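Work through the following exercises with the coordinates open, and try each task before reading its solution.

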Amino acid sequence: MSLAEDFRKLFGNVRPRYERTPNRPRLRGAIGVSNIPYGGDMPKSNTCLDKYALLHFNSNGQPSIASARAIDGLFEANTGRQVRIFLDPSAMICENSDVERFSDYVWYKLQLKNKHEAVLIGTGFDHDNDFFANRWWPVGLDVLSLPLPGRGLQISPTRANTNTLKDVVYKMLKTNALNAKAFFTTVPIKENLLATNRDEYKKAVKQIFDFVCVHLNEGSKYNRDAWLELYAAYQQKNSLIAEEMNFPKLIGLIKDTERYAGKKIPEDGERVYTWKTPAKPFLYGSAHNWTLDARQAYWGLPADNYKVYESRWKFADDLVYGVSLIKDYALQSAGITRDEEITADNVANVKFADHFIHSFDYSEGVQQYFEQDVTFYYRNKYDEDGNETGEDMNVPFITLSEKGVTRLWSVDIFPDSAIIDLRFNPKTSRFDPSHPVAPALLPDNLKDLSGLNLKDEEDNLYSITLTDGGFLLHSAAAGKTWKIIHGDYTLATKEKGDNNEML
């Protein structure tokens, strides 16, 4: 082992000062003349770079070193991805260096795979429940649970405890391809983005929402403002009989039934109402518009129509607000706990797989969702002699023959934090993108770039353009442009009147 390696092992990130730093070029600063260090004790001919040999920019847009063989810490402006730019095609990151492969931020690749139509086959109850003990399915398929007092942020238990919802709560009827291309988010997301940058948070939520809406809309029979309420579940019966009209839910259901049938039940004394299915068990539910207050439905920002629950918006809001939780869940799905453990072999499993965005069919509040027709009857409770009537006196009012449909759209969610390499290719005069784990996670917009528009965490802007013999690197915050020559890569301040033509 060499002395240099001994020092690196002993002192880690601290550069040993036992070797004379190469002569530094004197570059003019904003005031007077300032020296910019070359960037380390490694010779220019060394193709292996450690973190000190990577050019960074400070908050004023000034470079950390005078060598631009590789530039770190910037984001490609169009895709929002953190990139590492290699102007020197031969430059490589040293093995066993502490140069990070993954960012502190997360980006999503979202893949809408299929459209599923389904009906409910389970109730969530293991015992019979009467009309007034109901259960709701408003948001059971969202990524995160609804906010509840005294409970922290968590993955929806329905989603977390089942590999798929098929044959659990929903029976899948058919699958049709959506033919939706994969979508890559462009906003770098952190867990506290809502608190640190509300505008960026809303931008992240809206771009996911807009993508989903392109495919999940009225044309694909998405219904944005419906929820399901279970009224009755009887394992050994095939009917529900109700006599009282002083319960708001019963009154509402009767009125919805009348509106759905387009006619009124005669008003003539006390009534007995009966819902009957051909066979047991009897399961009856109804879809309703839901105007839950946004503060109860959303974690971060409500949709524009804040009084209407919107599963597409909630889905997007969940992804941005719960990004760390979702990423941890995705890593656990692959049997790992850290980004550094992601490999080409397990990356396909690093996803929140088969999440479903859902909606319920809505028909004026009257639908049954459990595969049996429901016939609704009414009768007078007493006959003309004052005696109680029996079921033989039932008058059929309407049969709800349309099976209620829950539509589920499957989404694969890949949380990706990889820093993408952009390496200049002198043969094509393009920057070739490279994902450290999987090419499938590369956004299309990073391909075939001949110049780069960049920004840093402070939103300072930078650009790299091609010139005859090299590059021009511009820092808007510093108000400077540097010439970089192929094979040398030393920053040289561009003189006035030096107008190289762009390739």
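## Exercise 1: a helix and the residue after it

Gly 335 follows helix α8 and has a positive phi, near 75°. The model is a predicted one, which applies to every exercise below.

**Task.** Identify which residues of helix α8 are buried, and relate their spacing to the geometry of a helix.

**Solution.** Start with the range, since α8 covers residues 323-333. Within that range the buried residues are Val 323, Ile 326, Lys 327, Tyr 329, Ala 330 and Leu 331. For the spacing, recall that an α-helix has 3.6 residues a turn, so residues three or four places apart point the same way. With that in mind, compare Val 323 with Ile 326 and Lys 327, which are among the buried residues.

## Exercise 2: the disulfide

**Task.** Search the whole structure for disulfides, and state which parts of the chain are linked.

**Solution.** The search of the whole structure returns one disulfide. Its partners are Cys 48 and Cys 94, with sulfur atoms 1.8 Å apart. The pair connects distant parts of the chain, 46 residues apart, with Cys 48 in strand β3 (residues 48-49) and Cys 94 in the loop between β6 (92-93) and β7 (102-120). Next, consider exposure: Cys 48 has a relative accessible area of 26% and is partly exposed, whereas Cys 94, at 11%, is buried, the cut-off for buried being under 20%.

## Exercise 3: strand β4 and its neighbours

**Task.** Explain why strand β4 can be called largely enclosed, and describe which strands pair with β4.

**Solution.** Six of the seven residues of β4 (residues 70-76) are buried, so the strand is largely enclosed by the rest of the structure. Turning to pairing, β4 runs antiparallel to strand β5 (residues 82-86) and is joined to β5 by four bridges, with Ile 71 having Ile 85 as its bridge partner. These two strands form a hairpin with five residues between them, and Gly 80 in the turn has a positive phi of about 75°. Strand β21 (residues 452-455) is also antiparallel to β4, through two bridges, and here Glu 76 stands opposite Leu 454.

## Exercise 4: two open sheets

**Task.** Give the strand order of the sheet that contains β4 and of the sheet that contains β16, and name the edge strands of each.

**Solution.** Take the sheet with β4 to begin with: nine strands form an open sheet in the order β20-β19-β5-β4-β21-β22-β23-β24-β25, with mixed pairing. Its edge strands, each pairing on one side only, are β20 (430-434) and β25 (492-493). Within this sheet, six bridges join β23 (residues 470-475) to β24 (residues 480-485) in an antiparallel arrangement, and Ser 475 has Lys 480 as its bridge partner.

The sheet with β16 is open, has four strands in the order β12-β13-β16-β17, and its pairing is antiparallel. Here the edges are β12 (239-242) and β17 (395-400), each of which pairs on one side only, and the twist averages 20° from one strand to the next. Strand β16 (residues 374-380) meets β17 through five bridges, and Phe 376 stands opposite Ile 398.

## Exercise 5: the largest cavity

**Task.** Determine how many cavities of 30 Å³ or more are present, and characterise the lining of the largest.

**Solution.** There are three such cavities, and the largest holds about 80 Å³ of space. Of its 13 lining residues, Ile 342, Val 347, Pro 415, Asp 416 and Leu 441 are the closest to the centre. Strand β18 (residues 406-418) contributes the most, with five residues. Sorted by class, the lining comprises nine nonpolar, two polar and two charged residues.

Technical notes. Residues are numbered from 1 along each chain as its sequence is written. This is a predicted model: local features need pLDDT of at least 70, side-chain atom pairs count only at pLDDT 80 or more; totals for chains, interfaces and linings use all residues. Side-chain values use heavy atoms; hydrogens and water are left out. Buried means under 20% relative accessible area, exposed over 50%, partly exposed in between (1.4 Å probe, protein chains only). A disulfide is a pair of cysteine sulfur atoms within 2.5 Å. On a 1 Å grid over the protein atoms alone, a cavity is a set of points where a 1.4 Å probe fits but cannot get out, and a pocket is an open set with protein on both sides within 12 Å along at least five of seven lines; lining residues have an atom within 4 Å of a point. Grid points are joined across faces, edges and corners, and a volume is the space filled by probe spheres set on the points. Ala, Val, Leu, Ile, Met, Phe, Trp, Tyr, Cys and Pro count as nonpolar, Asp, Glu, Lys and Arg as charged, and the others, Gly among them, as polar. Two strands pair if DSSP finds at least two bridges between them. Axes are lines fitted to C-alpha atoms, for helices over the stretch in contact, and angles run from 0 to 180 degrees between N-to-C directions.
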